[in-house]
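Got your viewer open? Load the model and let's walk through it one selection at a time.

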Amino acid sequence: MKITKRFVPLRNCIIILTLVIAVSRIANSQDAVIDFESALIGKPMPTWVDQGVTFGLAHQPKKNKSVGRISIFPNLGTNRKGIVNAMANESIPVRATFEKPVKRVQLILWGSTNSSALVEAFDADNKRIAKDGLEHVPVRKRPEDPIPFFELAVEGEEIAYIEISGSQPGGFVAVDEIRWSR
């Protein structure tokens, strides 16, 4: 019996240490979500910031001297909102820059007919470290159907920003939701 009593405190220490490590991992994962529901529809803007993520264009327009803008766009079938490139005559990727590097980014998107979709992840040195995409975004089977959503995700160490592209001029790929973890 004395041997058992001597090892009980050690066993309790191991259990407590295991719990502390588990809680620490959960706290450090810091999953966060932006869904754009608080944003104003139809007001083109140079950038939009939420939860330490800055959304803007990857570069300024090259075909003219106008100021590059993004816009919050409605999904008419669901009343949800998404962020898009507001430049109708030039396809410029939307860039989401994270305040602190992340490890995984998951996006829920929808797009216009004949669009492809591409998400690329970059580190602080502008090196592409991951990509995911679709050659053709899902489309409605019938006109009365809502525009379908789809998911893309990128993973890598030290993701500083992502770029979302794929639409042709006049088309769009909208980000409905972005979820990331550190």
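Strands here are DSSP runs of E with at least two residues, numbered from the N terminus, and two strands pair if DSSP finds at least two bridges between them. This is a predicted model, so to speak of local features takes pLDDT of at least 70 and side-chain atom pairs count only at pLDDT 80 or more, while totals for chains, interfaces and linings use all residues. Residues are numbered from 1 along each chain as its sequence is written, and side-chain values use heavy atoms, with hydrogens and water left out.

Start by selecting residues 117–122 and 128–134: these are strand 7 and strand 8, antiparallel and joined by 6 bridges. Click V119 and you'll find D132 of strand 8 opposite. Now go to the hairpin, where 5 residues sit between the strands and N126 has a positive phi near 65 degrees.

Next, pick G133, in strand 8. Is G133 buried or exposed? Neither: partly exposed (between 20% and 50% relative accessible area, 1.4 Å probe, protein chains only; buried is under 20%, exposed over 50%), because its relative accessibility is 36%. Beyond four places in sequence, G133 touches A117, L118 and L152, where contact means heavy atoms within 4.5 Å.

Last stop: the largest nonpolar core, meaning buried Ala, Val, Leu, Ile, Met, Phe, Trp, Tyr and Cys residues joined through side-chain atoms within 4.5 Å. It has 35 residues, and F55, V105, I162 and I178 touch the most other members. Strand 6 gives the most, with 7 residues. Finish on I162: beyond four places in sequence, its contacts include V119, V105 and I178.

Note on methods
Helices (H or I, at least four residues) and strands (E, at least two) are DSSP runs, numbered from the N terminus.
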